Amino acid sequence: MFIIHNFAVFEGLDGSGTTTQLRLLAERFAGHSPPDSPLPPFFETCEPTGGPVGRLIRSVLGGEISLEPAAVAGLFAADRYEHLYGKDGIAGRCARGELVVSDRYLPSSLVYQGITCGEELPRRLNADFPLPELLLFFDLDPQIAQERLNARNGREIYEHLDFQVKVRERYKALLPEYAEAGVRVECVDASAGIGETAELVWRAVQKMPIMNRGYF
Ligand code: TYD
């Protein structure tokens, strides 16, 4: 598996704060461009995407439609293919020198669909996708994550304590594999306050070689 440079992903349990932290990171970049480039400084994205496959996945997550777990695993992989290689996809952006950060990516499939389908299927479906340069894992006690989810409206199909306990175990087992494959893996303590966690994220992102281009 090869690595896409200039590409970072946020991973973690539901409720671990990846979406909030990505928003804060984007705010930090707002108005800061590399001096030698007409490119936007920073592109934030997420999986499931807002595209047609991603929208279908959202209705599965919300419980509006019910599909076989293996079919859902296939949808996540199809959504990812479009995300990477479709119009204005991650691969093209990173190759042009943009910094792309995604709220969830391939590791989510190995973890979540690993639980619902067994390990082999998501590995096979995702075997040819490239890896990110940086993987930030937002680590949080599943019980605390549940308390955060309680403050939100409604629950998605995976947002239950027994499932999330397995999610955390699987991430912990999987992360060393990525480190071995050459991904920079950093664990962020997501139980800290929002501002403190944002600082940890900022420090990790600053170590990406693309940051030497003089954004700030
Ligand atoms: P999440 O980032 O939690 O979205 P939101 O905060 O907007 O609800 O992601 C949605 C869910 O999708 C989450 O429970 C993890 C799950 N998921 C998978 O099961 N497999 C995948 O490949 C991806 C990308 C996400």
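In this predicted model, Gln 113 lies within helix H5. The residue has a relative accessible area of 2%, and since residues under 20% count as buried, Gln 113 is classed as buried. Leaving aside residues up to four places away in sequence, Gln 113 touches Val 72, Ala 73, Phe 76, Ser 108, Gly 118, Pro 122 and Tyr 158. By comparison, Ala 30 stands 83 residues from Gln 113 along the sequence, with a C-alpha to C-alpha separation of 35 Å in space.

Gln 113 also takes part in the packing of H5 against helix H3, which spans residues 69–85. The axes of H3 and H5 come within 10 Å and cross at roughly 170°. Angles over 145 degrees count as roughly antiparallel, and the two helices are therefore described as roughly antiparallel to each other. On the H3 side, the contact is formed by Pro 69, Ala 70, Val 72, Ala 73, Phe 76 and Arg 80. The H5 side contributes Leu 106, Ser 109, Gln 113, Thr 116 and Cys 117.

Helix H5, comprising residues 106–117, packs in addition against H8. Here the angle is about 130°, and the axes are 9 Å apart. H5 is thus oblique to H8, and the crossing is right-handed. Residues of H5 that meet H8 include Leu 106, Pro 107, Leu 110, Val 111 and Gly 114. Among their counterparts in H8 are Phe 163, Val 167, Arg 170, Tyr 171 and Leu 174.

Helix H8, residues 161–180, is also part of what covers the buried residues of H7. In H7, which runs from 142 to 150, the buried residues are Pro 142, Ala 145, Gln 146 and Leu 149. Viewed down the helix axis, these buried residues fall within an arc of 105°, so they line one face of H7. At the start of H7, a side-chain oxygen of Asp 141 comes to within 2.7 Å of the backbone nitrogen of Gln 143.

A further helix pair is formed by H1 (residues 18–29) and H9 (residues 194–206). Their axes come within 10 Å and cross at roughly 65°, and H1 passes H9 in a right-handed crossing. From H1, the contact involves Thr 20, Gln 21, Leu 24, Leu 25, Arg 28 and Phe 29. From H9, the residues concerned are Ile 194, Thr 197, Ala 198, Glu 199, Val 201, Trp 202 and Val 205.

Terms used
Residues numbered from 1 in each chain as written. Predicted model: local features only at pLDDT ≥ 70, side-chain atom pairs only at ≥ 80, totals over all residues. Heavy atoms only, no water. Buried < 20%, exposed > 50% of the residue type's maximum accessible area, 1.4 Å probe, protein only. Helix = DSSP H or I, 4+ residues; strand = E, 2+ residues; numbered from the N terminus. Arc of directions from axis to C-beta. Contact = heavy atoms within 4.5 Å. Polar contact = N/O pair within 3.5 Å; in protein donor to acceptor, adjacent residues only side chain to side chain. Axes fitted to C-alpha atoms, helices over the stretch in contact; angles between N-to-C directions. Parallel < 35°, antiparallel > 145°, perpendicular 65-115°, else oblique. Left-handed = near helix turned anticlockwise from the far one by under 90°.
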